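Here's a quick tour of one protein chain, from the overall picture down to a few residues worth a second look. Have the model open as you read.

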Amino acid sequence: MHGFKPFLDQQELEEGSNFPSQIRGAIRSACVHLAIFSPTYAYSQWCLDELVFMLESKAPIIPIFYNVDPANLRWTDQKEKGVYAEGLHTLQMKKTVDPRTHEEKPRYDSATLQKWRKALSDVADISGFDLKGKFNGDEGLLLDEVVKRVVKIMAKNTQLYVAKNPTGLDDKVADFETTVLRQQNTGEVQVVGIVGLGGVGKTTLAKEFLNRKRSEYSKSYFLSDVRENARISLHSLQSKLLKGLFHVDQRIDDIHQGTEVLRQSLSSSKVFLILDDIDHMDQVDALLPDRNALHKDSLILITSRDEGVLARSGVKESSMYKLTGLPKQHSQELFCLYAFCQPCPDPGFEDLVNKFLMACDGLPLSLIVFGALLSGNHVKSDWEAILYRLKLPNDIKNRLKISYDALSTEEQMIFLDIACFFIGENKSSGITVWNRSGWEGSLGFKNLQLKCLAKVDDHDVIHMHDHLRDLGREIAENELPRRLWCPTGNIIDWLHQQSSVSPQPF
């Protein structure tokens, strides 16, 4: 019913399997737990252990009190009167024989008993369903209400699909929390950003973080592909956000109407909202019209390729997480999972794998695409041929070209110059050339840095990802003025060709 699969131990446990391990795994992976408290519940070590596992999983728990007073969960000390106090006392009095000394000893130590008492006490603070109370013993009514609660929780906690092979993601999430979120002031709206090159994993990181944290917020939503969808209509995005966060199916006819409706709605709830792939501050203004009116404990996470857009949208420098590529170990694992269906290279392919890793330079998109391209191919000469004529597959090229297309004409010219001439050169040399060309060299280069298209090291030397370099050089082959960076022989051939046709501007 409703597409949910319940775990019932009597039906699900396999003969010959490790029952405690199987039950613990099922509890750990469940999205919601039903804890049914009967009069004999506290007499069972299994029930009490499972309750502890439920609390440790951090997933929502729905207590159901079946012919037992909820107050019994608080009356657990043997001095108190109640069926759970009696049950725990019975367990406390059970004995076993020590296999080493052959002496009798308590079966359950005091720490275990205290852990069970605390678990019962913690669940007593959670709002649940009392068969004898509100439902007057009607099990049918109780079941209907429980189903409604489960459906509501599941709708809120449905996990977003993140990645087939989320290699290195745990480390990225931990680093994001440490470097950005833990620096934020508590008790106020947190607006944070993730910035990085296309294909570096911004959306993947944001989805994973939402999956892990959404239960801490009353409402949560992932608004995907803002850049692309904003081209069609910003007010349709406002309508989509209203429906996704508040389940309000309201028609929005223009941005101004949507802005006002969102302003009023966002102030009422503690929300976790992700705006994915922002490329203009107008999009943030339309979707977050008044950040001061947001609930003080809300979290807003914005992903973008452009650090400048985040800054102009009010995201502080200390609240931006600059996502970089994967380290070598994780790069190899991700590449090999696609190329070999295992996290390490086949024997004899180690050197070839290392060469592809160097070419991809930690970019997850490239590692996945090239790994998939080579999947099932165990002919070394084929790998070497692909390396020799290494060209960007269209899916990588198209993703990276989005950032290039968003540049101004001058910024595009500077980008192409870097790809052809200035990688490994001092930044001042490039700026001098660009200024003499009549361009704003310093400003143009800074904008490329903000868009993660170029970077400088501690010595002011310019660097660019190999795939961006290859994209730039491919574009430059068909651009005027012509840029000559090819090996000498090719340049001479090209000059000979030009001598036989009408002159072109250089």
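Of the 506 residues in the protein, 43% are buried. Keep in mind that this is a predicted model. The secondary structure runs to 23 helices and 12 strands. As for contacts with a separation of 6 or more, 69% of them join residues 24 or more positions apart. On the outside, the accessible surface comes to about 27200 Å², and carbon and sulfur atoms own 50% of that.

Now for the inside. In soluble globular proteins, nonpolar side chains tend to be buried together. Here the largest nonpolar core holds 67 residues, and the members touching the most others are Phe176, Phe335, Trp383, Phe415 and Ile418. Helix α19 (residues 409-422) is the top contributor to this core, giving 7 residues. There's also a second, separate core of 31 residues, with Phe246, Val271, Leu287 and Leu294 among them.

Phe335 is a good place to zoom in. Leaving out residues up to four places away in sequence, Phe335 touches Val353, Phe356, Leu357, Leu367, Phe370, Gly371, Leu374 and Trp383.

Which residues does Ser269 contact beyond its neighbours within four places in sequence? They are Ser218, Lys219, Phe246, His295 and Ser298. Ser269 itself sits in the loop between α11 (255-266) and β8 (271-278). Its relative accessibility is 11%, so Ser269 counts as buried, the cut-off being under 20%.

Not everything nonpolar is tucked away. Leu34, Ile36 and Tyr66 make a nonpolar patch on the surface, together offering about 250 Å² of accessible area. Ile36 belongs to strand β1 (residues 33-37), and Ile36 counts as partly exposed because its relative accessibility is 48%.

Finally, some backbone angles. Most residues other than glycine have a negative phi. Two aspartates go the other way: Asp225 has a positive phi of about 50 degrees, and for Asp277 the positive value is near 65 degrees. Asp225 lies in the loop between β7 (219-223) and α9 (226-230), whereas Asp277 is in strand β8.

Here is how the accessibility works out for the residues picked out above:

| Residue | Relative accessible area | Class |
|---|---|---|
| Ile36 | 48% | partly exposed |
| Asp225 | 40% | partly exposed |
| Ser269 | 11% | buried |
| Asp277 | 12% | buried |

So are the two aspartates with positive phi buried or exposed? Asp225 is partly exposed at 40%, while Asp277 is buried at 12%.

Notes
Residues are numbered from 1 along each chain as its sequence is written. This is a predicted model: local features need pLDDT of at least 70, side-chain atom pairs count only at pLDDT 80 or more; totals for chains, interfaces and linings use all residues. Side-chain values use heavy atoms; hydrogens and water are left out. Patches are made of residues with over 30% relative accessible area and no salt bridge: like charges are joined within 9 Å, nonpolar side chains (Val, Leu, Ile, Met, Phe, Trp, Tyr) within 5 Å. Accessible areas come from the Shrake-Rupley method with a 1.4 Å probe; for residues, only the protein chains shown count as cover. A salt bridge is a side-chain nitrogen of Lys or Arg within 4 Å of a carboxyl oxygen of Asp or Glu. Helices (H or I, at least four residues) and strands (E, at least two) are DSSP runs, numbered from the N terminus. Buried means under 20% relative accessible area, exposed over 50%, partly exposed in between (1.4 Å probe, protein chains only). A nonpolar core is a set of buried Ala, Val, Leu, Ile, Met, Phe, Trp, Tyr and Cys residues joined through side-chain atoms within 4.5 Å. Contact means heavy atoms within 4.5 Å.
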